[in-house]
Amino acid sequence: MTPHFAQRTPLNRVLKTALACALLGLAAGCATQAGAPADTAATATVAPQWAFQAQAIDLVPGVYQGAYSARSQRLYVASAVGRPPVRESKLVKFDPSRLRIETLVTPAPQASRQDGQVQAAYGIAVDDTHGQVWTSNTRSGSIAVYRQGDLSLVKQFPDDATPHARDVLIDAAHSRAYVSSPASNVIHVFDTDTLQPLPGITLSGAGEAPKPMSLALDAAHQRLYTVSLNTAEVFGIDTMTGRQVTRYNVPGAQGASGLAVDSQAQRLYVTAQKSGDVTVLDSRNGQVLQHIATGAGALNVAFDPLHRLVYVANRMAGTVTVLDDAGVVQAQIATGSAPNHIALDAQGTAWALVKKSKDDPRADRLVRIEARR
């Protein structure tokens with residue numbers, strides 16, 4: 001922990017207005033910039049209806065995922081640096097109103113190793129019912145639970161509880177935590193009341209065993225969704241029974257990894273890294289509604305139900321594409337480096353987690369994106 005964080009002083013590297021504007025494609029016509037949908041020409045002729053203001057805030061090394069808590073009104077961030085043995089990892093509690101780190105902890109050492117590797121945090125989710133934060137420890141295949149207040153450890157699950165654990169999702173209505181495992185075809189399940197493992201959900205695809213990546217919850221329709229990296233399939237799980245009930249193909253998607261759900265319109269947004277695009281599906285029947293190019297390495301996606309906007313993190317392009325719910329590109333926001341994940345707060349502000357790359361000497365950062373009419 002550096003003295004800067006230990007003293008909890010405000011982060012002072014917020015981009016000023018001129019630099020923030022330089023990051024954005026805000027003006028009418030931004031839909032025709034590089035990364036606009038090549039296969040939906042009509043979209044490019046529609047002027048954007050939204051403008052965006054961005055600020056960049058330097059954070060800790062190795063930022064990976066973020067999750068916002070409405071209960072504590074804080075943004076929680078997981079970070080990890082390098083390959084095994086991973087000795088540098090942080091769990092961050094960030095104050096969005098003051099743009100500063102409030103609390104910073106290092107995960108516990110991995111007891112089964114003697115090389116200094118810690119239980120590095122990658123995926124993250126908040127449980128506001130119990131005032132907790134769940135993280136996936138990908139390198140050890142474990143899960144950790146922390147208190148939101150002071151980030152003290154509540155429980156560290158055994159190694160290999162979830163092989164290559166990736167995303168964590170909390171279903172508060174059913175007291176469940178779901179964890180995706182790209183190393184298997186299983187969604188692992190935990191009881192958030194007792195912090196005990198439950199029987200997992202084995203996914204059944206059309207061919208080879210799927211590798212589940214992102215998770216998305218449609219609480220109103222009691223559906224959990226996941227997307228498979230290797231088979232370009234979306235799976236729907238009934239959260240009442242814990243059983244797979246639907247399977248949809250995502251034609252044209254290569255390296256599918258990101259997933260978001262619009263519960264109101266019953267749509268699914270699937271991003272694919274290799275094809276650099278987002279596919280929109282009808283969640284009721286799997287019908288493909290749109291296919292929109294966004295940028296190289298389209299890794300993750302988030303849907304903002306307040307403004308009805310879709311944010312796509314294009315990791316290799318170094319941009320975040322913003323779409324409206326009609327699929328019209330509203331902006332291409334240059335975040336720099338490698339945008340990895342997007343968290344949304346209660347006001348519909350998007351927080352892009354941007355990782356440092358070899359071509360970008362600046363530190364890992366948050367990019368705060370605010371939508372305005």
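Four strands form an open sheet in this predicted model. Their order is β1-β28-β27-β26, and the pairing is antiparallel. β1 (51-58) and β26 (338-344) stand at the edges with a single partner strand each, so one side of each has no neighbour in the sheet. Averaged over neighbouring strands and ignoring direction, the turn between them is 25°. β26 also contributes at least two residues to the lining of the largest pocket.

**Strand pairing at β26**
- The partner strand β27 covers residues 350-355.
- β26 and β27 are joined by 6 bridges, in the antiparallel sense.
- A343 sits opposite W351, a residue of β27.

**T335, ahead of the edge strand**
- T335 lies in the loop that links β25 (329-334) to β26.
- Is T335 buried or exposed? Its relative accessible area is 2%, which is under the 20% cut-off, so T335 counts as buried.
- Beyond its neighbours within four places in sequence, T335 is in contact with G318, T319 and V320, among others.
- The other contacts of T335 in that list are V354, R365 and V367.

**The largest pocket**
- The volume of the largest pocket is about 1200 Å³.
- Its lining is made by 39 residues.
- Which residues are closest to the centre of the largest pocket? They are L169, L215, L217, F303 and L344.
- Strands that each supply at least two lining residues include β2 (63-69), β6 (124-127) and β10 (168-171).
- β14 (212-218), β18 (256-262), β22 (298-304) and β26 each do so as well.
- The lining of the largest pocket holds 24 nonpolar, 8 polar and 7 charged residues.

**The second largest pocket**
- The second largest pocket has a volume of about 630 Å³.
- There are 26 residues in its lining.
- Y64, Y122, R139, R315 and K355 are the closest of these to the centre.
- Which elements give two or more residues to the lining of the second largest pocket? They are β2, β3 (74-81) and β22.
- By class, the lining of the second largest pocket splits into 10 nonpolar, 9 polar and 7 charged residues.

**Strands that serve both pockets**
- β2 gives at least two residues to the lining of the largest pocket, and two or more to that of the second largest pocket.
- β22 likewise supplies at least two lining residues to the largest pocket and two or more to the second largest pocket.

Methods
Residues are numbered from 1 along each chain as its sequence is written. This is a predicted model: local features need pLDDT of at least 70, side-chain atom pairs count only at pLDDT 80 or more; totals for chains, interfaces and linings use all residues. Side-chain values use heavy atoms; hydrogens and water are left out. Two strands pair if DSSP finds at least two bridges between them. Axes are lines fitted to C-alpha atoms, for helices over the stretch in contact, and angles run from 0 to 180 degrees between N-to-C directions. Buried means under 20% relative accessible area, exposed over 50%, partly exposed in between (1.4 Å probe, protein chains only). Contact means heavy atoms within 4.5 Å. On a 1 Å grid over the protein atoms alone, a cavity is a set of points where a 1.4 Å probe fits but cannot get out, and a pocket is an open set with protein on both sides within 12 Å along at least five of seven lines; lining residues have an atom within 4 Å of a point. Grid points are joined across faces, edges and corners, and a volume is the space filled by probe spheres set on the points. Ala, Val, Leu, Ile, Met, Phe, Trp, Tyr, Cys and Pro count as nonpolar, Asp, Glu, Lys and Arg as charged, and the others, Gly among them, as polar.
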